[in-house]
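Colleague: Could you take me closely through a single part of this model, the second largest pocket, and then through the salt bridges found elsewhere in the chain? I would like one connected account.

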Amino acid sequence: RDTKEPGRDRKQSLAPPPGTFRHFTRGRGYAPTVAEPVVGGDGPKKKKLRPHDEALRSFRYGDALDEALRTRDPTVVAAVLAELERRGGRAAALRGRDEKRLEPVLAFVAAHVAHPRYASALSGVADALLDAYASKLGGAPAVDELFAKIRQNVADEAAAQEDLLGLAGTLDVLLCHNDRMLRESGLRD
């Protein structure tokens, strides 16, 4: 080929023709220098699941609850309990616990059963715990103490709710009386 096109350099003429194996594998052996930025790396990184999510994924419900309790984050524990309830695995997660594995669950329920955000979920958990371990009451003082604390917290919350309902009723009567007085005096239509 003696005919060289003007403006074409040697590098372009040595490029493999499109559609060939050499064309598709070009640049595969190239390693970037330290100064060159690497874009993309080895591909998208997979998001690592938390230990309680891994346990849920492999249907180890008791381990999932234990891992969630280790985080000491009440929102995580409540979310795991809600997921266990949704899957129908709450009873399996709570069943078969010895004193060592039962205490963190009872301590969490005792600490958060009166909190408005967690009360609806934890009342069912407390009921399930009482059903599962009622026969073992009196066997371990620490467990008995935690059950008593749960009972006391629930009783305190029920009394507070009752007081608030009474206060709401009183406020309702006062507001109705005030509204009637304003209408009679002509200040309110």
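Modeller: A pocket here is an open set of grid points with protein on both sides within 12 Å along at least five of seven lines, and a residue counts as lining when it has an atom within 4 Å of a point. The model is a predicted one, and what follows should be read with that in mind.

By that definition, the second largest pocket is lined by Val 113, Ala 114, Ala 119, Ser 123, Ala 126, Leu 130, Phe 147, Ile 150, Arg 151, Asn 153, Val 154 and Glu 157. The space within this pocket comes to about 220 Å³. Two helices, H8 (119–133) and H9 (141–185), each supply at least two residues of the lining, and H9 gives the most, with six residues. In character, the lining residues divide into eight nonpolar, two polar and two charged. Among the residues of the lining are Arg 151 and Glu 157, which count as charged because Arg and Glu belong to that class, whereas Ser 123 and Asn 153 fall among the polar ones.

Turning to the salt bridges, the count comes to nine, and a few of them can be followed residue by residue. Glu 83 takes part in two of these: its side chain meets that of Arg 86 in a salt bridge, at 2.7 Å from N to O, and the side chain of Arg 87 in another, at 2.8 Å from N to O. Both pairings are set within helix H5 (residues 74–87), where Arg 86 and Glu 83 lie three residues apart, about one turn of the helix, while Arg 87 and Glu 83 lie four residues apart, again about one turn of the helix. The two arginines are classed differently by accessibility, because Arg 86, with a relative accessible area of 62%, is exposed, whereas Arg 87, at 32%, counts as partly exposed.

A further salt bridge joins the side chains of Glu 85 and Arg 90, at 3.1 Å from N to O. Here Glu 85, at 44% relative accessibility, counts as partly exposed, but Arg 90 has a relative accessible area of 18% and is therefore buried, since the cut-off for that class is under 20%. Finally, Asp 66, Arg 97 and Arg 101 are linked with one another in a network of salt bridges.

Conventions. Residues are numbered from 1 along each chain as its sequence is written. This is a predicted model: local features need pLDDT of at least 70, side-chain atom pairs count only at pLDDT 80 or more; totals for chains, interfaces and linings use all residues. Side-chain values use heavy atoms; hydrogens and water are left out. On a 1 Å grid over the protein atoms alone, a cavity is a set of points where a 1.4 Å probe fits but cannot get out, and a pocket is an open set with protein on both sides within 12 Å along at least five of seven lines; lining residues have an atom within 4 Å of a point. Grid points are joined across faces, edges and corners, and a volume is the space filled by probe spheres set on the points. A salt bridge is a side-chain nitrogen of Lys or Arg within 4 Å of a carboxyl oxygen of Asp or Glu. Buried means under 20% relative accessible area, exposed over 50%, partly exposed in between (1.4 Å probe, protein chains only).
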